[in-house]
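Have the model open beside you as you read, and take each section at your own pace. Each heading below picks out a spot to look for.

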Amino acid sequence: MRAVPTIDTRYWLCLSAASIFGTNTGDFVAGYLHLGHLAGLPWLALLFAAILVTERFVAYRTSLGFWAAIITVRTAATNVGDAFHDFGLGFGISLPVVLIVFAACVLLYRRTSPRPATDGKMRVDNIYWLTMMVAGVLGTIGGDFASFAIHMTTPGAAAVFFALAAWSIRHFAARGILLAPFAYWTTVALIRTAGTAAGDAVAHGIGLVASSIVTGAVFVGLVVFFYRRPERPS
């Protein structure tokens, strides 16, 4: 992508909001649009491709395209994670399998980007989007596992994993390695897990439609507020 956001406080706030909103949009696509967990994936893939193509050719160089792609990937990841239940695959299978796939993706990303970025930005390419997708699937399964299988409840799991994500950011940033692949993707996975629990907590409290509107307004508001201005050429 031509415009990639710098990894700073704004970035982590928007990613957290995307993780919550994407939990709701995934459930909305599967349930309210009656597409199920897998039938909507081709449409989301087309939307994702359209976002990448549009971002490449529009004259207005902004990170808004990146965030549109992020929420599309997160929506798809929610449905892939939930689809394991459709096939009767419990947490004993889904969680370790997806964790192994995620670790493999991180290692692949690390192999192509062995050193932390020096410009404050991650390298965003096909491997990045694949890893972000798998991180979302892992977060969906992990959030459900923490909330329901080990009875942390959705608010409890959200609080715990957002706290872990905040600690991760502070810990790795203090050591100057936050943008190293292992540190970055560990933090992303924690945020995805927390976002699943938080999105479910809000949906259970006020209903899925209202939750989608509220969490969507927060996400869009943050992204537009922080990233509406054109990026300066690097």
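## Asp 125 and its salt bridge

Asp 125 is partly exposed, because its relative accessible area is 23%. In this predicted model, Asp 125 forms a salt bridge with Arg 123, and the closest N and O atoms of the two are 1.6 Å apart. Arg 123 is partly exposed too, with a relative accessible area of 28%. As background, side chains of opposite charge can pair when their charged atoms come close.

How many salt bridges does the structure hold? There are two. Besides the pair just described, the side chains of Asp 8 and Arg 10 meet in a salt bridge, with an N to O distance of 3.2 Å. Asp 8 has 24% relative accessibility, so this residue counts as partly exposed. Arg 10 also counts as partly exposed, at a relative accessible area of 30%.

## The nonpolar core

Now turn to the inside of the model. The largest nonpolar core is made of 58 residues, and those with the most contacts inside it are Tyr 11, Trp 67, Tyr 128, Trp 129, Met 132 and Tyr 184. Which helices each supply at least two residues of this core? They are α1 (9–32), α2 (41–57), α3, α4 (91–112), α5 (126–149), α6 (154–174), α7 (181–206) and α8. The residue ranges of the other two are 64–86 for helix α3 and 208–227 for helix α8.

Tyr 128 is a good residue to click on. Setting aside its neighbours within four places in sequence, Tyr 128 is in contact with Tyr 11, Phe 66, Tyr 109, Met 122, Arg 123, Tyr 184 and Trp 185. Two of these names, Tyr 11 and Tyr 184, are also in the list of residues with the most contacts inside the core. Another, Arg 123, is the salt-bridge partner of Asp 125.

## Where Gly 81 meets Ser 94

Gly 81 sits in helix α3, while Ser 94 belongs to helix α4. Along the chain they are 13 residues apart, and their C-alpha atoms are separated by 8.3 Å. Is Gly 81 buried or exposed? Gly 81 counts as buried, because its relative accessibility is 2%, below the cut-off of 20%. Ser 94 is likewise buried, at 2% relative accessibility.

What do these residues touch, if residues up to four places away in sequence are not counted? For Gly 81, the contacts are Val 137, Thr 140 and Ile 141. For Ser 94, they are Phe 84, Leu 89 and Ile 141. Ile 141 is therefore touched by Gly 81 and by Ser 94.

## Asn 126 and the cysteines

Asn 126 lies in helix α5. With a relative accessible area of 67%, Asn 126 is exposed. The C-alpha atoms of Asn 126 and Tyr 109 are separated by 9.7 Å, and the two residues are 17 places apart along the chain.

Two cysteines are worth finding as well. Cys 14 is buried, with a relative accessible area of 0%, and Cys 105 is buried at 8%. How many disulfides are counted? The count comes to zero.

## A nonpolar patch on the surface

Back on the outside, Tyr 60, Leu 64, Val 220 and Val 224 make a nonpolar surface patch of about 320 Å². Of these, Val 220 is found in helix α8. Val 220 counts as partly exposed, because its relative accessibility is 44%, which lies between the cut-offs of 20% and 50%.

## Two histidines with positive phi

Finish your visit in the loops. His 34 lies in the loop between α1 and α2, and His 151 is found in the loop between α5 and α6. What is phi at each of them? For His 34, phi is near 55 degrees, a positive value in a residue other than glycine. For His 151, phi is near 60 degrees, again a positive value in a residue other than glycine. By way of background, most residues other than glycine have a negative phi.

Are these histidines buried or exposed? His 34 is exposed, with a relative accessible area of 68%. His 151 counts as exposed as well, because its relative accessibility is 64%, over the 50% cut-off.

Terms used
Residues numbered from 1 in each chain as written. Predicted model: local features only at pLDDT ≥ 70, side-chain atom pairs only at ≥ 80, totals over all residues. Heavy atoms only, no water. Helix = DSSP H or I, 4+ residues; strand = E, 2+ residues; numbered from the N terminus. Buried < 20%, exposed > 50% of the residue type's maximum accessible area, 1.4 Å probe, protein only. Contact = heavy atoms within 4.5 Å. Patch = residues over 30% accessible without salt bridge, like charges linked within 9 Å, V, L, I, M, F, W, Y side chains within 5 Å. Areas by Shrake-Rupley, 256 points an atom, 1.4 Å probe, with all protein chains shown as cover. Salt bridge = Lys/Arg side-chain N within 4 Å of Asp/Glu carboxyl O. Core = buried A, V, L, I, M, F, W, Y, C linked by side-chain atoms within 4.5 Å. Disulfide = S-S within 2.5 Å.
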